[in-house]
Amino acid sequence: MMEKATFGTFNMIESHGHEQVVYCSHKESGLKAIIGIHSTTLGPALGGCRMWNYANGEDALLDVLRLSKGMTYKAAIAGLNVGGGKAVIIGDNRTQKSEALFRAFGRFVEGLSGRYITAEDVGTSVKDMEYVMMETRNVTGIPIELGGSGDPSPVTAYGVYMGMKACAKEVYGSDSLEGKKVVIQGAGGHVGNHLCGYLHKEGVKLFVSDIYEDKLKHLVEDYKAEVIGVDDVYGFDADIFSPAALGSVINDETIPQLKVKIVAGAANNQLKDEDKHASILRERGILYAPDYVINSGGLINVHSELEGYNRDRALKKTSEIFDVMTNIIEISKKENKTTDIAAREIAIKRVESVSNSKKIRIYRDKNLFNMRNI
Ligand code: NAD
């Protein structure tokens, strides 16, 4: 008997409120990708392209839906003139990358006529974006030599550091992190690495973890960081927990283990269930820095590429994360709500105030060329 067709995919897309979802398949290069355009109200949807070995297409779809929605909030709260989008490529980022694969992806991006602008993300690199650029100009995070902004991770880390300081000011009465114990999950990665640098400079005692322990060696040598086990990060007796690996790490199993006063990290979608887990953290007296607020430095950096890249301007704008986070904490206290809801409301309010029509806007290439200033 023939299997019944279901509308599960449409339901998933509708429940996340997306404008458009594009499935990209190119047999010759092995490309299987999904592009999620959540909102173009504020501008073209800008967001990175993740390459990950998803177990199935549903997991990949859910990831791209959540990530692209997060990008809408991130851009809105950072005050940028871009919307929210993201892409995922299904595959092993250690063994399945090729020029043909990224060029095929680039052609799909080009087909969206500037409604979506891509960049690097987990599992993809600046080099991969060079291949994408062979097919489309709607790509950021390209090498500095090619007029781009290069790896966004150092700027992301700087923003996380600023957000962490704002949280410390609330919890400890001073934004100084000197002497604080900070646990970093995924410390061997791009952002984790740079974050360790900023924190070490301020006299933080670092506790680092990564599934690839060899990536932590220089942190031990250069910053006197202490390595802790992958499963020990949640229950570790420290002041701040900073997730810098993958999402959904704040959940029913991990929250009861937490001994820290602050959760502030770079990883996207840290809360497995936004409302539920933000509330439980609040009830337990743990201050949560919404991920899309404090990790927006990377987006600010690639966005700055569209205007003609200037690193100082990107860093200055990123330093404003301190004030944005302070404001969110104030609202959450005054209005008795979680920091996550307070932040989301600010983002949604901005998007709604700009959206004076329900029509989807079309961003033609020429607009992007003007924005890029090249
Ligand atoms: P990355 O791939 O360079 O680093 C992630 C690190 O986490 C890797 O070293 C990996 O081995 C490690 N890891 C994976 N699973 C782990 C686990 N269970 N326990 C411990 N370590 C684990 O990625 P990145 O660019 O540093 O990004 C880290 C996070 O920050 C991601 O969630 C990403 O979406 C988010 N983010 C990154 C940027 C950026 O500029 N790179 C910007 C915004 C958000």
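Is Tyr161 buried or exposed, and at what relative accessibility? Select this residue and keep the question in mind, since the tour returns to the ring after a walk along the strands.

This is a predicted model, in which local features need pLDDT of at least 70 and side-chain atom pairs count only at pLDDT 80 or more, while totals for chains, interfaces and linings use all residues. Residues are numbered from 1 along each chain as its sequence is written, and side-chain values use heavy atoms, with hydrogens and water left out.

**First stop: strands E1, E2 and E5**

Select residues 31-39, which make up strand E2; helices (H or I, at least four residues) and strands (E, at least two) are DSSP runs, numbered from the N terminus. Eight of the nine residues of E2 are buried, where buried means under 20% relative accessible area, exposed means over 50%, and partly exposed lies in between, with a 1.4 Å probe and protein chains only. Add residues 20-26, strand E1, and you will see an antiparallel pairing with E2 over seven bridges; two strands pair if DSSP finds at least two bridges between them. Within this pairing, Cys24 stands opposite Ala33. The two strands form a hairpin with four residues between them, and Gly30 in the turn has a positive phi of about 85°. Now add strand E5, residues 83-90, which pairs with E2 in the antiparallel sense over six bridges, with Ile37 opposite Gly85.

**Second stop: Lys86 and His18**

Stay in strand E5 and select Lys86, which counts as buried because its relative accessibility is 3%. Its side chain makes a polar contact with the side chain of Asp121 at 3.2 Å; a polar contact is a pair of N or O atoms within 3.5 Å, and within protein one must be able to donate a hydrogen and the other to accept it, while residues adjacent in sequence count only if both atoms are side-chain atoms. Leaving aside neighbours within four places in sequence, the residues in contact with Lys86 include Ile34, Ile35, Gly36, Met71, Tyr116 and Asn268, where contact means heavy atoms within 4.5 Å.

Next select His18, in the loop between helix H1 (8-16) and E1. His18 counts as buried, at 11% relative accessibility, and its side chain makes a polar contact of 2.7 Å with the side chain of Ser68. With neighbours within four places in sequence left aside, the contacts of His18 include Gly36, Ile37 and His38, as well as Val64 and Lys69.

**Third stop: the aromatic pairs**

The structure holds seven aromatic pairs; rings of Phe, Tyr and Trp (its six-membered ring) pair if their centres lie within 6.5 Å, and planes under 30 degrees apart count as stacked, over 60 as edge-to-face and the rest as tilted. One of them joins Tyr158 and Tyr161, a tilted pair at 6.4 Å centre to centre with 40° between the planes. Because Tyr158 and Tyr161 are three residues apart in helix H5 (residues 153-172), they are separated by about one helical turn. Here the opening question is settled: Tyr161 counts as buried, at 11% relative accessibility, and Tyr158 counts as buried at 17%. Add Tyr198 to the selection, and the three residues Tyr158, Tyr161 and Tyr198 form one aromatic cluster.

For a charge beside a ring, select Lys180, which lies over the face of Tyr172 at 4.3 Å from the ring centre; a charge sits over a ring if NZ of Lys or CZ of Arg is within 6 Å of the ring centre and within 35 degrees of the ring normal.

**Last stop: helix H6 and the parallel sheet**

Select helix H6, residues 190-201, whose end C-alpha atoms are 18 Å apart. The buried residues of H6 are Val191, Gly192, Leu195, Cys196, Gly197 and Leu199, and what covers them includes H5, E7, strand E8 (205-209), helix H7 (217-223) and E10.

Finally, display the six strands that form an open sheet with parallel pairing, in the order E9-E8-E7-E10-E11-E12. Strand E9 (226-227) and strand E12 (287-288) stand at the edges, each with a single partner strand, so one side of each has no neighbour in the sheet. Inside this order, four bridges join strand E7 (residues 181-185) to strand E10 (residues 240-243), and the bridge partner of Val182 in E10 is Ile240.

Technical notes:
Expected span 1.5 Å × (residues − 1).
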